[in-house]
Amino acid sequence: MKPLLVALQDTAQLSGPLARALGADIAEIDLRRFPDGETYLRFDTPPDDRDLILLAGLADPDAKLPTLVFAGQTARTLGAKSVGLVAPYLPYMRQDRVFRPGEAVTSVHFAKWISSCVDWLVTIDPHLHRWKALSDIYSIPSVAAHAAPAMAEWIKNHVDRPLLIGPDAESEQWVSDIAVRAGGVDHIVLAKTRHGDRDVDIALPDMERWRHHTPVIVDDTISTASTMIAVTGQLVDQGLRPPICCAVHGIFADGAHQALLEAGTVRIVTSNTISHPSNAIDVSGILADATSSLLKQTGLSRT
Ligand code: R5P
């Protein structure tokens, strides 16, 4: 029997392409809120004895997690053969250690929770910094696919003389890979000091030699956009061309998108892991390939 894909919140941009690529049926579900705000969920398509793929948009995770947990538990109760999670954006990866005594290391707690709810996990470019692999904290089979091939393709096709700029040490992993894939274009990596959620300092060297390039700031995530705004401001101050900002996950908290435009960027481009008007990079094929190879490895797929 074909796998069954359950499209939970904020996944309309990916559910059709993913189901087609995986040869999966899309489940009919009744998902709504009771007047008191609690969740009602019913599977109209029975999941019994089928491999179930929960596709979940998990930006703003605290509002969405109950639905994911209820869907996973209900599918198991109804006899699904297996229940996996495709989370194009994986939240709760940034608190990866105790910065101040008494803090919750939420990446660990979240990973334990998800590992108990589903049998496997596929995501794209999770924020792996102090954790080097998902298996450091997730106890289920998990794959971190990369948007780099799709991002490199977009840059190759749309940007004249790009200079890729990674805003901090963590971004080296994405920027250097994308630079190679985009045809060996130039890239630099900056140093960032974060003082608070919206307070970052970035050290930009003398950029004179890049005057005739198009700066492309590349990062995994735009959240408050403080990072991109800080880099953009300094590029503008040095009289370089207005930069393009390019990220895998566009969260855009509280007016961040507008603030970044006002800072002087010429274009903001994101992948469709999170649905947003800035989406220009399609990662559905990358997600489908990662999902189908994980299903084959774990022996869950009959396709
Ligand atoms: C963190 O180190 C990440 O790689 C990003 O640089 C960060 O998430 C961006 O956050 P914000 O947009 O709030 O500066």
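I will talk about the ligand and its surroundings, and then about one residue, Asn272.

Please keep in mind throughout that what we have on the screen is a predicted model.

Let me start with the ligand, which sits in the largest pocket. Around the ligand there are 15 residues, and the closest of these are Arg94, Asp219, Asp220, Thr224 and Thr227. If we ask which secondary-structure elements give two or more residues to that shell, they are strand E11, covering 191–196, strand E13, covering 214–222, and helix H6, covering 226–237. Of the elements, it is E13 that gives the most, with four residues.

Turning to the individual distances, a polar side-chain atom of Arg94 lies 2.7 Å from an oxygen atom of the ligand, and for Asp220 the distance between an N or O atom of the side chain and a ligand oxygen is 2.7 Å. In the case of Thr227, an N or O atom of the side chain is 2.6 Å from an oxygen atom of the ligand. As for how much of the ligand is covered, the ligand taken alone exposes 370 Å², and the protein buries 96% of that area.

Now to the residue I mentioned, Asn272, which is found in the loop between strand E15, residues 267–271, and strand E16, residues 279–281. Is Asn272 buried or exposed? Its relative accessibility is 9%, and because the cut-off for buried is under 20%, Asn272 counts as buried.

What does the side chain of Asn272 make a polar contact with? The partner is the side chain of Asp282, at 2.9 Å. Asp282 also appears in the wider list of contacts, which, once neighbours within four places in sequence are left aside, consists of Gln13, Leu14, Asn279, Ile281, Asp282, Val283 and Ser284. Finally, there is Val248, which is 24 residues away from Asn272 along the chain, and here the two C-alpha atoms are separated by 7.9 Å.

To close, I would leave you with two points: the protein buries 96% of the area that the ligand exposes when taken alone, and Asn272, in its loop between E15 and E16, counts as buried.

Technical notes. Residues are numbered from 1 along each chain as its sequence is written. This is a predicted model: local features need pLDDT of at least 70, side-chain atom pairs count only at pLDDT 80 or more; totals for chains, interfaces and linings use all residues. Side-chain values use heavy atoms; hydrogens and water are left out. Buried means under 20% relative accessible area, exposed over 50%, partly exposed in between (1.4 Å probe, protein chains only). A polar contact is a pair of N or O atoms within 3.5 Å; within protein, one must be able to donate a hydrogen and the other to accept it, and residues adjacent in sequence count only if both atoms are side-chain atoms. Contact means heavy atoms within 4.5 Å. A residue is near a molecule or strand if one of its heavy atoms lies within 4 Å of it. Accessible areas come from the Shrake-Rupley method with a 1.4 Å probe; for residues, only the protein chains shown count as cover. On a 1 Å grid over the protein atoms alone, a cavity is a set of points where a 1.4 Å probe fits but cannot get out, and a pocket is an open set with protein on both sides within 12 Å along at least five of seven lines; lining residues have an atom within 4 Å of a point. A molecule sits in a cavity or pocket if more than half of its atoms lie within 2 Å of its grid points.
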